[in-house]
Amino acid sequence: MRFLVFAGVAALSLLSLFGAVYSWWFLLPFAGFAYLTGLGVYDVTQNRHSILRNYPVIGHMRFLFEGIRPEIRQYLIESDQDEEPFSRDKRSIIYQRAKGVEDKRPFGTRERVYDSGYEWITHSVVPTHIEDTDFRVSIGGEHCKNPYDASIYNISAMSFGALSANAIMALNIGARKGRFAHDTGEGGISRYHTQGGGDLIYEVGSGYFGCRTLDGRFDVAKFRDQAANPQVKMIELKLSQGAKPGHGGMLPASKISEEIAEARGIPMGQDCISPAAHPEFSTPIGMMEFIATLRENGDGKPVGFKLCIGHRREFMCIVKAMLETGVVPDFIVVDGKEGGTGAAPLEFANHMGMPLIEGLTFAHNTLRGVGLRDKLKIGASGKVVTAFDMAKVLALGADWANSARGFMFAVGCIQAQACHTNHCPVGVATQDPLRQRALDVTRKSERVFRFHKNTLRALGEMTGAAGLDHPGKFLPHHLLMREADRDMVTGQEIYPYLPEGFLLREEEDKFGYLLRWNRARADDFKPVDTSYV
């Protein structure tokens with residue numbers, strides 16, 4: 001039975017050849033069956049795939065279905081609530097808002113409102129009406145000469161090289177139309193960022209792309225030139241990212257085009273290394289001194305850093321260094337481990353790094369504990385694509401939110417999850433010129449603009465329903481969660497705002513903040529007590 005199909009196509013090829021004696025039309029099926037027969041001969045003689053040796057010809061069906069499994073699942077099998085990693089419900093709402101079509105749903109919620117984990121926002125019997133939903137936050141502390149009046153919803157870091165030229169242009173033009181910011185990612189400022197004319201957040205990663213020496217160290221003169229670009233509104237030092245925290249990267253020489261080399265400031269013909277750690281500093285105080293250098297040469301623009309929280313004590317080391325040096329960044333972006341547009345090792349994507357909510361609340365409360373929370377702003381990034389997602393992170397301590405994949409969907413991504421193969425079917429995450437020409441910059445930039453505008457409009461409606469006049473006024477008690485099938489708790493019970501200055505006063509807390517604070521030090525990322533991290 002295992003060889004039945006193989007024997008069948010062999011027999012049919014002989015019959016077709018015999019039939020060709022009477023009519024040349026039989027040569028057509030003969031060609032097809034002869035090819036399958038030859039394939040079967042190859043299958044039983046090769047030693048690479050066991051399944052093909054045991055099931056010649058028919059065994060190829062296994063590889064065919066395996067290849068189209070994601071599409072079969074996405075279009076035929078998964079429910080509207082399955083997150084793989086974004087549910088159809090969330091993708092649909094993004095597409096609808098980006099296209100400017102009806103985004104309302106009939107017949108009530110499909111959420112299981114009595115199941116554990118369900119969340120909701122409390123509303124008021126005296127809702128307010130908010131006319132202007134272009135919500136903004138001023139970023140820049142007392143040492144910042146040119147603070148930035150930012151939207152509370154911006155495009156998170158995605159580099160040119162990871163995304164196509166057309167995708168970068170569409171995102172940046174959309175950002176210009178909507179007056180929100182576009183993070184460059186660590187790949188530097190490309191010509192496609194500047195062609196769009198939109199506001200940029202210049203991300204400085206461990207490879208120092210766009211501001212590096214030939215041997216990969218930081219070049220202050222090149223950085224000064226980049227920071228002077230009028231499109232650049234903020235400078236962001238990247239420590240880690242949610243997709244693969246603590247992991248470096250390499251762009252092989254074969255994938256480095258002239259445009260990528262130009263944006264990154266790297267030579268052609270050589271592998272491009274992004275080290276896991278920054279070469280310019282290795283201690284918390286050293287990091288603050290480097291931030292001071294960025295501030296001194298950053299044209300007076302806000303300077304901050306981005307990280308995915310790992311060892312919580314290490315974040316406290318950074319905060320202690322702020323107190324000791326007096327260098328307080330203008331902002332911190334907390335990236336959740338659920339974030340990630342780039343490819344990452346499976347173990348890193350699944351089991352490395354802290355999810356956004358826990359990372360955000362820890363950073364927020366640590367800064368409150370030392371009296372620094374009012375001196376800087378916090379951004380939040382990690383699957384923030386709806387108005388409720390934004391309301392939740394704002395309630396738990398963020399001042400604004402970033403989204404990468406939300407804007408990728410707006411620009412045309414269909415969640416094919418082929419970003420790392422260069423075979424993106426819609427031209428978003430590819431450098432193939434034929435594939436990326438499918439992405440029309442004019443149309444897609446309009447979708448980016450509409451997605452941002454309509455999401456903020458929905459946030460304004462939720463804010464008004466809660467009786468507030470600005471989403472920045474959401475607090476943990478506005479958020480309710482079902483902890484078990486019949487029990488509900490407020491956000492204040494699970495993620496409370498801890499008292500201002502409690503760490504400096506050495507007040508005990510039930511979450512272990514003081515324990516870690518006492519083990520953190522400003523001069524080293526190593527703990528005072530090395531028994532555990």
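A search of the whole predicted model finds 21 aromatic pairs. One of them joins phenylalanine 315 and phenylalanine 362: the ring centres are 6.3 Å apart and the planes meet at 65°. Planes over 60 degrees apart count as edge-to-face, so this pair is edge-to-face. Phenylalanine 315 sits in helix H12 (residues 312-325) and phenylalanine 362 in helix H14, so the pair ties together parts 47 residues apart in sequence.

Are these two rings buried or exposed? Buried means under 20% relative accessible area. Phenylalanine 315 has 2% relative accessibility, so it counts as buried. Phenylalanine 362 has a relative accessible area of 5%, so it is buried too.

Aromatic residues also gather in a group. Tyr202, Tyr208, Phe218, Phe223, Phe281 and Phe290 form one aromatic cluster.

Charges sit over rings as well. Arginine 264 lies over the face of phenylalanine 209, at 4.7 Å from the ring centre. The charged end of lysine 320 is placed over the ring of tryptophan 517, 4.8 Å from its centre.

**Helix H15**

Helix H15 spans residues 387-395 and is mostly covered, with eight of its nine residues buried. The buried set is Ala387, Asp389, Met390, Ala391, Lys392, Val393, Leu394 and Ala395. This set includes a lysine and an aspartate, Lys392 and Asp389. After the helix comes glycine 397, with a positive phi near 130°.

Valine 393 belongs to H15. Its relative accessible area is 2%, so it is buried. Which residues does valine 393 touch, not counting residues up to four places away in sequence? They are Leu356, Ile357, Leu360, Ala380, Val384, Ala398 and Ala401. Valine 393 and leucine 475 are 82 residues apart along the chain, yet their C-alpha atoms are separated by 9.5 Å.

**Pocket and cavities**

The largest pocket holds about 2000 Å³ of space. Its lining has 46 residues, and those closest to its centre are Lys90, Glu111, Thr386, Phe388 and Asp389. Asp389 is also among the buried residues of H15. Which elements each supply at least two residues of this lining? They are helix H6 (88-99), strand E1 (119-121), helix H14 (356-369), H15 and helix H18 (441-465). H14 thus appears in the pocket lining and also carries phenylalanine 362 of the aromatic pair. By class, the pocket lining has 15 nonpolar, 11 polar and 20 charged residues.

The search for enclosed space finds two cavities of 30 Å³ or more. The largest cavity is lined by 13 residues, with Cys413, Ala416, Gln417, Cys419 and Cys424 nearest its centre. The second largest cavity is lined by Pro70, Glu71, Gln74, Tyr75, Ile414, Gln415 and Ala416. Ala416 appears in both linings. The table sets out the three spaces.

| Space | Volume | Lining by class |
|---|---|---|
| Largest pocket | about 2000 Å³ | 15 nonpolar, 11 polar, 20 charged |
| Largest cavity | about 70 Å³ | 11 nonpolar, two polar, no charged |
| Second largest cavity | about 50 Å³ | four nonpolar, two polar, one charged |

How many charged residues line the largest cavity? None: its lining divides into 11 nonpolar and two polar residues. The lining of the second largest cavity has one charged residue, and Glu71 is in that lining.

Definitions and conventions
Residues numbered from 1 in each chain as written. Predicted model: local features only at pLDDT ≥ 70, side-chain atom pairs only at ≥ 80, totals over all residues. Heavy atoms only, no water. Buried < 20%, exposed > 50% of the residue type's maximum accessible area, 1.4 Å probe, protein only. Helix = DSSP H or I, 4+ residues; strand = E, 2+ residues; numbered from the N terminus. Contact = heavy atoms within 4.5 Å. 1 Å grid on protein atoms, 1.4 Å probe; cavity = no way out; pocket = protein on both sides within 12 Å on 5 of 7 lines; lining within 4 Å. Points joined across faces, edges and corners; volume = space filled by probe spheres on them. Nonpolar A, V, L, I, M, F, W, Y, C, P; charged D, E, K, R; others polar. Phe/Tyr/Trp six-rings, centres within 6.5 Å; stacked < 30°, edge-to-face > 60°. Lys NZ or Arg CZ within 6 Å of the ring centre and 35° of its normal.
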